[in-house]
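Biologist: I am new to this one, so could you walk me through the reasoning behind a few of the labels?

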Amino acid sequence: MNIVSQMCAIAVMFVIMYFYISQKKIILHTSKAFVEVWIAGLLSLFFDIFALVAIEKRSGYPHTATNIICKLYLWTVTWVAMVAFWYICVDIFRKKELECKWRKRLWIFGILTDILIMVVPIKIYDSDNIVYTYGPAVIITYAVTVILLALILMLTKNTVRL
């Protein structure tokens, strides 16, 4: 099990937060959104590690427990993309009503995505010191994440033109 890259990413996350906190600033709505993105990213890294440990130690636990932990990691991946999308909405939409409308849509989309991830199967590959998950749950996660990243780029590009 190799978690060195995740540990390095966690260290970088804490360095980013240290510099963020050390700067004197007014707490704005976008500041709260940034902290939420940071928390989502950190949780995703921790759940990535938990999923790797669960896969490595799965012989001592029920198969269902390992699958749930792996799917919770997938949830956090989609959550990072959703929170990043919301962060862009906070920054782009000047009207609070428009931001709230998009956030409500995003939560509904997220809940439906998370239910779908939990319902469909996930498979585990573990051989020759290579560990990963694959299958429909992973495909849904990547598809949702790519869609949200495309929407983020589209919103950002359209805003830059204004």
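Modeller: Gladly! Keep in mind that this is a predicted model. Let us start with Cys8, whose relative accessible area is 46%.

Biologist: Why is Cys8 called partly exposed?

Modeller: Buried needs a value under 20% and exposed one over 50%. Cys8 has 46%, so it is partly exposed.

Biologist: And what makes Cys89 count as buried?

Modeller: Its relative accessibility is 1%. The cut-off for buried is under 20%, so Cys89 earns that label.

Biologist: How many disulfides are there?

Modeller: The count is zero. A disulfide would need a pair of cysteine sulfur atoms within 2.5 Å.

Biologist: Let us turn to Thr66. Where is Thr66 placed, and why is it called buried?

Modeller: Thr66 sits in helix α3. Its relative accessible area is 2%, and buried means under 20%, so the word fits. Leaving aside residues up to four places away in sequence, Thr66 touches Ala54, Ile55, Arg58 and Ile124.

Biologist: What makes those four residues contacts of Thr66?

Modeller: Contact means heavy atoms within 4.5 Å, so Ala54, Ile55, Arg58 and Ile124 each meet that limit with Thr66.

Biologist: What lines the second largest pocket?

Modeller: That pocket, with a volume of about 200 Å³, is lined by 13 residues. Trp79, Met82, Val83, Trp107 and Asp114 lie nearest its centre. Helices α3 (63-92) and α4 (96-119) each supply at least two residues of the lining.

Biologist: How does its lining divide by residue type?

Modeller: Eight residues are nonpolar, two polar and three charged. Trp and Met count as nonpolar and Asp as charged.

How values were computed:
Residues numbered from 1 in each chain as written. Predicted model: local features only at pLDDT ≥ 70, side-chain atom pairs only at ≥ 80, totals over all residues. Heavy atoms only, no water. Buried < 20%, exposed > 50% of the residue type's maximum accessible area, 1.4 Å probe, protein only. 1 Å grid on protein atoms, 1.4 Å probe; cavity = no way out; pocket = protein on both sides within 12 Å on 5 of 7 lines; lining within 4 Å. Points joined across faces, edges and corners; volume = space filled by probe spheres on them. Helix = DSSP H or I, 4+ residues; strand = E, 2+ residues; numbered from the N terminus.
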